[in-house]
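Visitor: I have a structure to go through with you. Can we start with the ligand and then look at the backbone?

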Amino acid sequence: MKPEAVPSFADPALLDMAAIRAQFPILGQRVRGRPLAYLDSAASTQKPTAVIDAMADYYRGQHANIHRGAYQLSQMATRLYEEARERVARFLNAADPVECIFTRGTTESINLVAASWGAANLSPGDEIILSVLEHHSNIVPWQMIAQRTGARIRVIPINDEGELQLDAYHRLLSPRTRIVAVNHVSNALGTINPVAEMVVAAHAVGAVVLVDGAQWVAHGHTDVQSLDADFYAFSGHKLYGPTGIGVLYGKRALLEAMPPYQGGGDMIERVTFVETTYAGLPNRFEAGTPHIAGAVGLSAAIEWIEEIGLEAIAAHEDRLLVYATDRLSAIRGLDIKGQARRKAAVISWVAVDPPIATLDMGVQLDLEGICVRTGHHCCQPLMDRLGVASTARASFGLYNTFDEVDRLATALTAIFERARDRSPAGPDPDGVSRQRAAGACPTSAEPLAYPAAVAESPQAAAEQIAELFEILPDWPMRYQQLLELGEQLPPMPPELKTPEHFVAGCQSQVHLALRVRPGSRDTIEFLADSDAALVRGLIALLQQLFSGQSAAAILAFDAVAFFNRIELDQHLSLTRRNGLAAMVQRLRQLAGEHATS
Ligand code: PMP
């Protein structure tokens, strides 16, 4: 996609960014000593004061359980909850509020349809059409119901720009098609799908359509009636509202014909041990006490967005996308994945020259206070189609600024330059990374011990590491140190990177090989490597702690307590913590085998 216009900062149609940003308390924070640049709104948007206050006010002065209370407070809470439903119905242009079911979010909405509608309507030989662009939450529930019912899943392919291939879609449609479930906007690439056209085609063969609107609703008007969608799902937290609340819109006739999804309080008409009859819509699908405060917060979010205007929001985000595409395309070696003609404000990229692990880009951007998401974005089939394991993704909301795009582009340029300097072909002939790449692999007869000076014991190594961490003033510096340690890690010969040495449970690729040092009785040494520099840094710490030590000493050392002590566990993301735990576990397991053999 080529940028169409350079934004004019004097344009009066632009949103008043200072006023908007002032309504998001979190955006005023500094992260790692720098102003927060939050570029991960596709994962979840930040919350304006209007939403935070509405929820706090509700809990402070209006909370009671809904529906069954004779007292005024319960009636007030019920009214707020049902008013929220009415606001959602107007927001979606649903014909009737009862067609709007509150759920935990898009995931639950889709699970509800797959489990309830699917169980009642799918038989062996029936077909469910999905697309390569789907989020796992619009794949897995369908696989589950397909397994139970004998239905079959068919998949709409994409072209290299990340657009659905509509000719293939038309060929897939047949009288066997029972349901088409597609996203309105792809979370990983930003592609806006031609859902209206797809609904017409599906209806022509008698199929119903579920639209996953998680990534659309905050970016443009939604009109379920003109779209003629049978089901439409979205999450409050991507719409400047709270987490834990979402909506399933369904056409009344379809919902009324569907069996309940969960059983419990509020969804019944009458219960006896012989028979239970169910409530009408919407209660039939809202078993148990719902997320009342969430509904109140979602309602406040919709009101707030409507005051600003979805057109203005979409126009602002389009400008940001054009500008960001322009800036990122100019970075040599950066490959943007997904160049659809119609795109929401999402940019996914990979570093091809020099190759840089997406996790490393994410960690280094984080050091600059810039939040982007790295990984498969819950779209592994799409990643497979793109031929990558993951991408880095920046996604914009109405509060993002051109200045933040500049910061992203500048930081990325520096990351690419640093990586280029370190790469074999780069201008760093004496650099450590050049030695790595030039194949300075130790032969199997050589000792593998690292670091050069092995500490007396894991405890002694732990003291050295703890001291170093204490000297470094803050976590950005400690991260930097970890990245540098990762750079210096001795290389792992490719022949050791076998499935046998693969460590499962890490987000990045990790291999770990351990042996007893030749000629010694039980001195353990090991090599490990990862495609992510930060993980290499963690491996370097493990090397320092354990390599060159006896198996018994390794087993006696409490690594978890040590990582706690240096606060590493607090400062790593959950996935990286799990990865570190998996490496430690593998080391202990292998050391245990050597200790007993
Ligand atoms: N579908 C899409 C397109 C999404 O982007 C997401 C969230 N990333 C989901 C479904 C799932 O949403 P939630 O986790 O809020 O249920």
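Visitor: Which atom of the ligand does a polar side-chain atom of Gln-215 lie 2.6 Å from?
Guide: An oxygen atom of the ligand. Keep in mind that this is a predicted model.

Visitor: And how much of the ligand does the protein bury?
Guide: The protein buries 84% of the 390 Å² that the ligand exposes when taken alone.

Visitor: What about Asp-212, how far is its polar side-chain atom from a nitrogen atom of the ligand?
Guide: The distance is 2.5 Å, and the Asp-212 atom is a polar one of the side chain.

Visitor: Thr-106 next. Is it a backbone or a side-chain atom there?
Guide: Backbone: an N or O atom of the Thr-106 main chain lies 3.5 Å from an oxygen atom of the ligand.

Visitor: Which residues surround the ligand?
Guide: Going along the sequence, they are Thr-106, Thr-107, His-135, Ser-137, Asn-187, Asp-212, Ala-214, Gln-215, Ser-235, His-237 and Lys-238.

Visitor: How does that shell divide into nonpolar, polar and charged?
Guide: Eight residues of the shell are polar, two are charged and one is nonpolar.

Visitor: Changing topic. Which residues does a cis peptide bond join, with omega about 0 degrees?
Guide: Leu-281 and Pro-282 are joined that way. There is also a cis peptide bond from Asp-353 to Pro-354, where omega is near 0 degrees.

Visitor: Where does Pro-282 lie?
Guide: Pro-282 is in the loop that runs between β12 (276–278) and α10 (292–308).

Visitor: And Pro-354, which loop is that in?
Guide: The loop between β14 (346–352) and β15 (355–356) holds Pro-354.

Visitor: On to phi. Which residue has a positive phi of about 70 degrees although it is not a glycine?
Guide: That is His-67. His-67 sits in the loop between α2 (49–62) and α3 (72–92). Asp-266 is not a glycine either, and its phi is positive at about 75 degrees.

Visitor: Where is Asp-266 found?
Guide: In the loop between α9 (252–257) and β11 (268–271).

Visitor: Is Asp-266 buried or exposed?
Guide: Buried, because its relative accessible area is 15% and the cut-off for buried is under 20%.

Visitor: Back to His-67, then. Why does it count as partly exposed?
Guide: Because its relative accessibility is 28%, and partly exposed covers values between the 20% and 50% cut-offs.

Terms used:
Residues numbered from 1 in each chain as written. Predicted model: local features only at pLDDT ≥ 70, side-chain atom pairs only at ≥ 80, totals over all residues. Heavy atoms only, no water. Near = heavy atom within 4 Å. Polar contact = N/O pair within 3.5 Å; in protein donor to acceptor, adjacent residues only side chain to side chain. Areas by Shrake-Rupley, 256 points an atom, 1.4 Å probe, with all protein chains shown as cover. Nonpolar A, V, L, I, M, F, W, Y, C, P; charged D, E, K, R; others polar. Helix = DSSP H or I, 4+ residues; strand = E, 2+ residues; numbered from the N terminus. Buried < 20%, exposed > 50% of the residue type's maximum accessible area, 1.4 Å probe, protein only.
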